[in-house]
Amino acid sequence: MKIFPLAALALAFLLSLTPAPAADSAASLPTEGKSNTVCPISGKPVNPKITIEYEGLTYAFADNACRAKFKAAREASLYHKLGGKAAIDAAVEAFYVKVLADDRVKHFFSDINMTRQRRKQKEFLSAAFGGPIPWTGKDMRKAHANLPGLNETHFNAIAENLKSTLEDLKIKPELIDQVMAIAGSVKDDVLNRPKPGK
Ligand code: HEM
C-alpha cells in the first residue's frame, strides 16, 4: 500500500518548507571556499574541525552527532537518489522545454524571465526533494497568486510535463512516484485554494 509513505513524504516536504530564521540560514550554509559558522542541524556555533564535503561545499557542524545526522539525511534524500544537483538542474532544463512547447500552459510564461524561473524551480525542487539548501523564495501561494485563470487542468498539464521529463531521463518509477507525490502536495497552494477548515 503506497498511500502512507506518500502522505508522509508530502508532510515531510511541507515541514521542510518552514522558513529558517533569516540570519541563521545564511550563516548555516557554506559558500565556495568558506564553510558555515552556524551548525545546520543544532543551530549552535560550529567546530571547524568537524566537517563534511557535499557537492563541492564544506559543511561544518557543532559536533559529530550533527555531522552524522546531516550525512544520513543527505544519503536518504530523494534529492540524492535522483542524482543531486546535476540531475535536478538537467531535469528542470528539460522540463521547461516541454512546458514552453505546451499550448495548454505556455501562455502563463510569456512575460516571465525564464532564466530566473529555471533557477528558482531548481532551487525549489532541490529543497523539496531534501537537498542541502533550504528554500528561501516565495511560498507557493504568493508565487502563483497573480496568474489569472490558473486551474486544475493547468496544474495537471505541468505535472504531466514533469512526469514525462523524468521518464525521458530514465528515472526509476518509484522515484518518479515520490516526485509526483511532492508535486501533488503543493497543488492546493499553487491553485490558491482555501486551506482546509478556513
Ligand atoms: C508542482 C507544481 C508547481 C511548482 C512546484 C511550481 C514552482 C514555482 C516556483 C518555485 C516559482 C518561483 C517562485 C519565486 O519567484 O520565488 C514559480 C513561479 C511561477 N509559476 Fe509555478 N509551480 C508549479 C505549478 C505551476 C503551474 C501549474 C503554473 C501555470 C501553468 C505555474 C506558473 C508559474 C509562473 C508563471 C511563475 C512566475 C510567477 C512570477 O514570477 O510572477 N506554476 N513556480
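1. Iron site. In this predicted model, the ligand's iron atom receives a single donor from the protein, namely NE2 of His144, at 2.0 Å. Histidine 144 lies in the loop that runs between helix H7 (140-143) and helix H8 (152-168).

2. Asparagine 161. This residue belongs to helix H8, the helix that begins at 152 and follows the loop holding histidine 144. Asparagine 161 counts as buried because its relative accessibility is 8%, and the cut-off for that class is under 20%. The side chain of asparagine 161 makes a polar contact of 3.0 Å with the side chain of aspartate 102. Residues up to four places away in sequence aside, asparagine 161 touches Phe95, Lys98, Val99, Asp102 and Val105. Asp102 is thus named both as a contact of asparagine 161 and as its partner in the polar pair.

3. Arginine 193. The segment after helix H10 (187-190) contains arginine 193. With a relative accessible area of 28%, arginine 193 is partly exposed, because that class covers values between 20% and 50%. Once neighbours within four places in sequence are set aside, arginine 193 is in contact with Arg141, Glu152, Lys187 and Asp188. Arginine 193 also lies 9.8 Å from asparagine 151, C-alpha to C-alpha, although 42 residues separate the two in sequence.

4. Fold content. The protein chain holds ten helices and two strands. Read from the N terminus, the order of elements is α-α-β-β-α-α-α-α-α-α-α-α. For contacts between residues at least 6 apart in sequence, 59% connect residues at least 24 apart.

5. Burial and surface. The protein chain has 198 residues, of which 35% count as buried. Its exposed area is about 11700 Å², and carbon and sulfur atoms supply 58% of that area.

6. Confidence. The average pLDDT of the protein chain is 90, and 87% of the residues score at least 70. Which residues have a pLDDT that stays under 50? These are residues 18-23, for which the model has one contact beyond four places in sequence.

7. Points to compare in the structure. For the metal, the item to inspect is the His144 NE2 atom at 2.0 Å from the iron. For side-chain burial, asparagine 161 is buried at 8%, whereas arginine 193 is partly exposed at 28%.

How values were computed: Residues are numbered from 1 along each chain as its sequence is written. This is a predicted model: local features need pLDDT of at least 70, side-chain atom pairs count only at pLDDT 80 or more; totals for chains, interfaces and linings use all residues. Side-chain values use heavy atoms; hydrogens and water are left out. Helices (H or I, at least four residues) and strands (E, at least two) are DSSP runs, numbered from the N terminus. Buried means under 20% relative accessible area, exposed over 50%, partly exposed in between (1.4 Å probe, protein chains only). Contact means heavy atoms within 4.5 Å. Accessible areas come from the Shrake-Rupley method with a 1.4 Å probe; for residues, only the protein chains shown count as cover. Donors are N, O and S atoms within 2.8 Å of the metal (3.2 Å for Na, K and Ca); water is not among the atoms, so sites may look incomplete. pLDDT is the predictor's confidence in each residue, from 0 to 100. A polar contact is a pair of N or O atoms within 3.5 Å; within protein, one must be able to donate a hydrogen and the other to accept it, and residues adjacent in sequence count only if both atoms are side-chain atoms.
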